[in-house]
Every structure is written in structure tokens, then in C-alpha cells.
Amino acid sequence: SSPYAASKAAADHLINSYIRTYKLPIIVTNCSNNYGPRQHPEKLIPKLIYNILHNKPLPIYGKGLNSREWIYVEDHCEALIKVFLRGKVGEFYNIGSNKNLSNLQVSKELIEVSKNFMKLGKKVKILFVKDRPGHDIRYALNSNKIKKDLKWFPKTSFKKGIRITFEWYCKNKSYYNSFSKKDISSRLGKI
């Protein structure tokens, strides 16, 4: 429902037209939301981790009910390798974990995980902010095809992956220094 989501769907249709019309040897993958070390801090999880590490509120759109299917980045990479090696030209493969969580659930999980690594500051609290225009309520996909045809399955649970991710950012706080404060605090692509 947003121009961002519509552009992704349009890209799939455009690629499919090239496969069909010109017989190009293309395989398309679509993936659920990734998380893990070294992700751009504009994205939800690294932004929340930054705020936890810097004793700031955790901004959550609307009432936090928007949900996303989350996959740990290494699982996604393994799926891409499997598709490259065994995928069929002209096919589309969805890569996901079947783990759908609301933004509120993700925030609460991060707060719990952070307690294993640090004492939380007093300002680390969930702060509901005005929702984005056209913000989709749910992103999820059906990964049955890649599981059935290519025998790929995600290995990393959300609990394990989010712990690894938080620990990495905790040990690599200087990673955020390579970005401007605006990159961390603002949403990119905003008109």
C-alpha cells in the first residue's frame, strides 16, 4: 500500500516480463525482514539497539502492532547460496523464517536481551510515535517452495539471533560512528 512496497512488486513483474519475453536466465528471491550485525541504523532493530545503548526512548510507530516476518541475516545468505547452486532458472523463491512479530514484541524482546549485557538507563522506554503514511500492517511470505524444492530451512531462532545481534552492537559501539546522527535518528526516503 506504500510507494515503497508497490515498487518492490512492480520490480518483480518487470523481471518476470524479461524472463518470459527474452528468456533471460534469472532467478528471483524475495525475503522477509533481515536483522543482524552491521545493518544500517535507520532500520528498526539497529535503531532500537542504538537507543538502548544511549539511554534513549524506543520510537515505535502507531500502537506497535505492525508486524514483520524476521530472518537472521546468515540464514538469508545460506538460502541465497542454495538458490544460486540449486535453484531453477525462471523461478521465484521466497525466503523467510515463518517468525512474525509485532514491532512492540521486537522492542520488548530487545529490552529483555539488553539486560544480559548492561544496566538499562531510565529513559529506555517504548515511545509510541505517529505512524508512517501508507505503513503496511503486516509483511509475511510463504517459504514452502524453497523448503520443499531446495531443502532449505532457517537455522537461527529469533531469540538466538537477536541475542547475537545485540551482543555484536554492544561490542562494536564504534560502528555507529560511521553514520551521521541524522542517519540514525531519521527515517530515510521520507518526503
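This is a selection-by-selection tour of a predicted model.

**Helix α1 and the residue after it**

Start with residues 3-22, which form helix α1. Place a distance between the C-alpha atoms at its two ends; the value is 28 Å. At 1.5 Å a residue, the 20 residues of α1 should span 28 Å, so the expected and modelled values agree. Then step to Lys23, just after α1, where phi is positive at about 55 degrees.

**Two further positive phi values**

Select Arg38 next, in the loop between β2 (33-35) and α2. Its phi is near 65 degrees, a positive value in a residue other than glycine. Arg38 has a relative accessible area of 57% and is therefore exposed, the cut-off being over 50%.

Continue to Asn55, in the loop between α2 and β3 (58-61). Asn55 is not a glycine either, and its phi is positive, near 55 degrees. With 29% relative accessibility, Asn55 counts as partly exposed.

**The packing of α2 and α6**

Display residues 44-53, helix α2, together with α6. α6 covers residues 158-171. How far apart are the axes of α2 and α6, and at what angle do they pack? The axes are 10 Å apart and the angle is about 55 degrees. The two helices are therefore oblique to each other, and their crossing is right-handed.

To see the contact itself, show side chains on both helices. On α2, pick Ile45, Pro46, Ile49, Ile52 and Leu53. On α6, the partners are Phe158, Ile162, Thr165, Phe166, Tyr169 and Cys170. As background, an α-helix has 3.6 residues a turn, so residues three or four places apart point the same way.

**Ser67 in strand β4**

Move to strand β4, residues 67-72, and select Ser67. Is Ser67 buried or exposed? At 11% relative accessibility, Ser67 counts as buried, since the cut-off is under 20%.

Leaving aside residues up to four places away in sequence, Ser67 touches Asn100, Leu101, Ser102, Ile137, Arg138 and Tyr139. For a distance check, take Gly96, 29 residues from Ser67 along the chain: their C-alpha atoms are separated by 14 Å.

**Salt bridges**

The structure holds 6 salt bridges; the tour visits some of them. Side chains of opposite charge can pair when their charged atoms come close.

Select Glu78 and Lys155, whose closest N and O atoms are 3.1 Å apart in a salt bridge. Glu78 lies in helix α3 (residues 73-86) and Lys155 in the loop between α5 (144-150) and α6, so the pair ties together parts that are 77 residues apart in sequence. Glu78 is partly exposed at 33% relative accessibility, whereas Lys155 is exposed at 63%.

Next, select Lys145 and Glu91, which meet in a salt bridge with an N to O distance of 2.3 Å. This pair also links distant parts of the chain, 54 residues apart: Lys145 is in helix α5, and Glu91 is in the loop between α3 and β5 (92-95). Lys145 counts as partly exposed, with 30% relative accessibility. Glu91 is likewise partly exposed, at 23%.

Finish at Lys115 and Glu112, whose side chains form a salt bridge, 3.0 Å from N to O. Lys115 has 47% relative accessibility and counts as partly exposed; Glu112, at 45%, is also partly exposed.

How values were computed:
Residues numbered from 1 in each chain as written. Predicted model: local features only at pLDDT ≥ 70, side-chain atom pairs only at ≥ 80, totals over all residues. Heavy atoms only, no water. Helix = DSSP H or I, 4+ residues; strand = E, 2+ residues; numbered from the N terminus. Expected span 1.5 Å × (residues − 1). Salt bridge = Lys/Arg side-chain N within 4 Å of Asp/Glu carboxyl O. Buried < 20%, exposed > 50% of the residue type's maximum accessible area, 1.4 Å probe, protein only. Axes fitted to C-alpha atoms, helices over the stretch in contact; angles between N-to-C directions. Parallel < 35°, antiparallel > 145°, perpendicular 65-115°, else oblique. Left-handed = near helix turned anticlockwise from the far one by under 90°. Contact = heavy atoms within 4.5 Å.
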